[in-house]
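Biologist: I am new to this structure. Please pick the sheet that brings chains together and take me through it slowly, strand by strand.

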Amino acid sequence: MDIDDILASVDRGAGASAESAAMDHQLLTRFWVAERAVSEVLPWPTVLMDRMMDRVRMQIESIEDLAASSADVPTNNTHNPNLNLRLSILQTDLARTQYLIRSLLRQRLAKLTKYSMHYLVKLSGNKNPLSQSQSQSQSQSQATPSDSVPDLSTVTDFTPLSENEANFVHSHQNLLAGHYSGSFMEAFPRQLRRLDDNAGGTSMIQGPDTKESVFVRCLAGEVPVIVVGDEGEEDIGVTMRMGDVWVVRWEGIKSAWEKGEVELL
Amino acid sequence: MSYYDVDSILTDAQKLPCTFELEVPGLGILEGNPGEDIKPGTRIDLPLWLGEMLSIGARLGTSRLVTLDMPPALSERVMNALKADPRTVDLRALAPHFYSLSERILELFEEEEMVDVLTETFKRRAAEISDHAHNPRGAVGDGVDFLRGLDETERQLFRAAHDRAKEMRVWSGEAKKK
Amino acid sequence: MAFPLPRGITPSEIAFLAEMEMVTVVPRQRLEGLELLGGPVEPLVPPRPSTPREYYPPAWLHPDPLSLILEVESQHQDYKNAFSPPLPLPGQPSIRDNGLAPKARPQYTPDGDRYFPSPPFLPQNTAQMTISSRDPPALPFHWVEIGNMLLEAASDDLVEADQVRRLLKDLREIRLSKMRAGVDALDAAAVGGGGVALTGVGAMEVGEERGFLSGVVDNLRKIGASKEQARREQMAEQRANGGYNGTQDEEEEEDYMEF
């Protein structure tokens, strides 16, 4: 046995056991529905997605093994008459999971590109507070649109994105800035080449609207809807009871959602 | 106002009546008299974004350049018509972005009663929009006029309701795709 | 990146979800157990002696409970403007024990977080539903989809399939008209901390009306934004002056209505 296989079998451990497969599938499904329901990018569930991707890889391997064994004995179908049925069930199940993951990722990328500057600014705020003041010195010598794309080189905390998504949105914005620059912004005066301008009271940085309404089901005994004001959570509004379905503001139940006390529909 | 939203930009371009409080040399171009001055008391319709900018002094209580008035789309007369029967008013003719305009105006003027009238108007018309959106035969009779008079916000609402209802019928096999 | 779907899952995505519901089938042939990504599947063994049935419908998909639910939806005073009560979640007291406090029973995820299961991952559409006989019949969350799919795929195994079909259609219509009549109550969801209850609504019914309802709520919020802002400032002022005692708040809570 290869050393990698031994390590892999240890890695599979408890997280990838058959019993937890059903639970992870439910968690992924619920997360997908939630991501489709709100306007902001939800925190990337790193460990869940790592487990899911491991499972998908293993499932593809076992489907390949099964398909290979059927190819070995093309004429002898009495050996396992249900082989084709089993293969097609496994493949359908795999395709459904892949659909969930793909739809989830596409939805997240759609939000990320729509609000790219918002998330880049948010990420650059995650960095170690000791290593700041970089962006200020840059703003003096504003020359190209890409200079207003935040620098992520010192960022290690990518919340709410995955590292891949952070890299994606950073490259995306640089490409976009380069494209703007090449096609029209170069002709602008230097001070009008920013992509994060705030002049005239209208910010170029647009973020998701957290006041948008969502449909939720209350899963815990009781969950209050929070009134969110300018200074954060200010007050308590109506109370939802277990099994209730409500239309409420996303910001009012976001912290309950993070605790798993409500689900989005 | 959001930077990349075309509806928001178009809303900002809708005009509202402004009265100049001070003489402004050389700004006669706004009145169609290039080179001339603008006299105090001159009334001109200016786009929302410009009128708002020029009125900032007024709202801060310092020297005011212009004072803003309610646009005709939100006049007393319109409010009364909306109170009488919101469904018969052609909002689109008043302002293509009627509600977006109202929202911006309500940021500038304190008009609690107008909020109530518009809220009631929007709800009554929304119920009507929903009925039309769920009618698989499309608009008929009076409905055609009503739907023609929807403002941009209401059109988007109609589209949202209509698309979902249609997708539902396609899924359940009651309607064919496309 | 082009992603053409609107916010909130659409009818076809909701149907995809409903396909994750468990149903009760009678195996015709042997099949060994399978480890699916959706969880393990037990080995299939055909019963002996064999039965002509292929499928056992859930208890609710039958003319009797459906007529009863339809009667509640259309006649009962308490549900004139509301949906009939849904199937309770695990640990939720039944409608007959209205006074009892709910005891939500969490499972734990591999990461140690609490997880409360909900449809489509509850046995709401299997034949062995373990509800006591004193519970009134209720519709499962995915009733529209499951009803539609089973009428198509297994109508031979349903009792009076045509009657079931008619009842489902009547239920759809009466509930849809309730949903749409509720526009008037929607401003309760347009203020911070407020909301509108749609308890008992089905997944597909949410999907069908989502774009419209959230469009109405979000626009009512924008129209009322200046008023909400003014009220917040007023309350902050009261609080700063020490005059705030919460009574105003309670008054506002009365605003919300069951839909």
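Modeller: Start at one contact between chains. A:Val248 stands opposite C:Gly195, a residue of strand E7 of chain C. Keep in mind that this is a predicted model.

That pair belongs to a longer match. E4(A) and E7(C) are joined by 3 bridges. The two strands run antiparallel.

Now step back to the whole sheet. It is open and has 4 strands. Their order is E5(A)-E1(A)-E4(A)-E7(C). The pairing is antiparallel. At the edges lie strand E5 of chain A, residues 262–264, and strand E7 of chain C, residues 195–197. Each of these edge strands pairs on one side only. On average, neighbouring strands are turned by 30° against each other, ignoring direction.

A word on how such pairing works. Strands of a sheet are held in pairs through backbone hydrogen bonds, and they may be parallel or antiparallel.

Next, move inward from E7(C). Strand E4 of chain A covers residues 245–249. E4(A) is mostly covered, with 5 of its 5 residues buried. Besides E7(C), E4(A) pairs with E1(A), and here 5 bridges join the two. They too run antiparallel. One pair to find on screen is A:Arg217 with its bridge partner A:Val245 in E4(A).

E1(A) spans residues 213–218. It is joined to E5(A) by 3 bridges, again antiparallel. Look for A:Val216, which stands opposite A:Leu264 in E5(A).

Two helices complete the picture. Helix H8 of chain A, residues 250–258, packs on the sheet. It touches E1, E4 and E5 of chain A. The direction of H8 makes about 115° with that of E4(A). The other helix comes from chain C. Helix H5 of chain C, residues 203–223, lies across E1 and E4 of chain A. It runs at about 125° to E1(A). Chain C thus appears here twice, with strand E7 in the sheet and helix H5 across two strands of chain A.

Last, a glance at chain B. It has 9 helices and 3 strands. Along the sequence they follow the pattern α-β-β-α-α-β-α-α-α-α-α-α. The radius of gyration of chain B is 20 Å, well over the 16 Å that the globule rule gives for 178 residues, so chain B is more spread out than a compact globule. Its C-alpha atoms fill a box of roughly 70 × 35 × 30 Å along the principal axes. Of its 178 residues, 33% count as buried.

Key:
Residues are numbered from 1 along each chain as its sequence is written. Chains are lettered from A and ligands numbered from 1 in the order in which they are written. This is a predicted model: local features need pLDDT of at least 70, side-chain atom pairs count only at pLDDT 80 or more; totals for chains, interfaces and linings use all residues. Two strands pair if DSSP finds at least two bridges between them. Axes are lines fitted to C-alpha atoms, for helices over the stretch in contact, and angles run from 0 to 180 degrees between N-to-C directions. Two residues are in contact if their C-beta atoms, placed from the backbone, lie within 7 Å. A residue is buried if 20 or more other C-beta atoms lie within 10 Å of its own, exposed if 12 or fewer, and partly exposed in between; C-beta atoms are placed from the backbone. The radius of gyration is taken over C-alpha atoms; the globule rule is 2.2 Å times the number of residues to the power 0.38.
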